[in-house]
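User: I should like to learn how to read the features of a protein model. May we begin with a helix and then consider the whole chain?

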Amino acid sequence: MTDTNPSPKQVAKQVAHVQRTCLCLHLQKASRTVARRFDEVFRPLEITSGQYSLLVALARPNPPSIGQLAQAMGMDRTTITANIKPLKRRGLVDIVPAPSDARSRLLTLTLEGKTLLQRALPLWQTAQDQMLEGLSAEGGEGEQLLMMLRQVAD
């Protein structure tokens, strides 16, 4: 009879390998680090980096439905709905019936939402420049990283 349980040494070796090479682990850690940096930048406006991303996604000529926004953000409808609620309470987002189907809801930025987004853009640009600057002196790695992240997301 053979023992199918790996030894503690084998487990430690496997775990060390995962810690060094796991795409999910490193993307999550990087994501949390970047989000914290942008959260700090947006703190004076009392929004989070996630809320800023939603405001940017809503700044379009044709208001999206919750489903369209969820697809564009790579999120599920329930999460989008939960994340939109505080923006609606602050008067930054309106939820209106779609002209073609009153059962469907469209999300739009209010004047207050558009104004906040305009105030946030220079803060975002500063943080964005600092984050990309930190990647390399030449600046090429930042563009490569963005391209790779878009590929992963698509």
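Analyst: Let us start with helix H6, bearing in mind that this is a predicted model. The length of a helix can be checked against its number of residues: at 1.5 Å a residue, the 23 residues of H6 (residues 111-133) should span 33 Å. The end C-alpha atoms of H6 are 33 Å apart, which agrees.

User: Where in H6 does a kink lie?

Analyst: A kink is judged from the angle between axes fitted to the residues on either side of a position. In H6, a kink of about 30° is found at Ala 120, shortly before the proline Pro 122.

User: Which residues of H6 are buried, and against what do they pack?

Analyst: A residue is called buried when its relative accessible area is under 20%. In H6 this applies to Gly 113, Leu 116, Leu 117, Ala 120, Ala 127 and Gln 128. Ala 120 is thus both the site of the kink and one of the buried residues. The partners of the buried residues of H6 are helix H2 (23-42), helix H3 (49-58), strand S2 (101-109) and helix H7 (140-153).

User: Why does Gln 128 count as buried?

Analyst: Gln 128, which is found in helix H6, counts as buried because its relative accessibility is 17%, and the cut-off is 20%. Leaving aside neighbours within four places in sequence, Gln 128 is in contact with Phe 38 and Leu 146.

User: Is H3 mostly covered or mostly open, and which of its residues are buried?

Analyst: One counts the buried residues in the element. H3 is mostly covered, with seven of its 10 residues buried. They are Ser 49, Gln 51, Tyr 52, Leu 54, Leu 55, Ala 57 and Leu 58. These residues pack against H2, helix H4 (66-73), helix H5 (77-89), strand S1 (93-98), S2 and H6.

User: What is notable about Glu 46, which lies in the loop between H2 and H3?

Analyst: The general idea concerns the backbone angle phi. Most residues other than glycine have a negative phi. Glu 46 has a positive phi of about 60° although it is not a glycine. Glu 46 is also exposed, with a relative accessible area of 63%.

User: How many disulfides does the structure hold?

Analyst: For a disulfide, two cysteine sulfur atoms must lie within 2.5 Å. The structure holds zero disulfides. Cys 22 is in none, as the nearest cysteine sulfur, that of Cys 24, is 5.2 Å away. That distance is too far for a bond. Both residues count as partly exposed: Cys 22 has a relative accessibility of 23%, and Cys 24 has 44%.

User: What is the overall make-up of the protein chain, and in which order do its elements run?

Analyst: One lists the elements from the N terminus. The protein chain has seven helices and two strands, and their order is α-α-α-α-α-β-β-α-α.

User: How does the radius of gyration of the chain compare with that of a compact globule?

Analyst: The value is set beside one for a compact globule with the given number of residues. For 154 residues, such a globule would have a radius of gyration near 15 Å, but the protein chain has 21 Å. Along the principal axes, the C-alpha atoms fill a box of roughly 70 × 45 × 25 Å. Of the 154 residues, 23% count as buried. The accessible surface comes to about 11000 Å², of which 56% belongs to carbon and sulfur atoms.

Conventions. Residues numbered from 1 in each chain as written. Predicted model: local features only at pLDDT ≥ 70, side-chain atom pairs only at ≥ 80, totals over all residues. Heavy atoms only, no water. Buried < 20%, exposed > 50% of the residue type's maximum accessible area, 1.4 Å probe, protein only. Helix = DSSP H or I, 4+ residues; strand = E, 2+ residues; numbered from the N terminus. Expected span 1.5 Å × (residues − 1). Bend = angle between axes of the 7 residues up to and from the residue. Contact = heavy atoms within 4.5 Å. Rg over C-alpha atoms; globule rule 2.2 N^0.38 Å. Areas by Shrake-Rupley, 256 points an atom, 1.4 Å probe, with all protein chains shown as cover.
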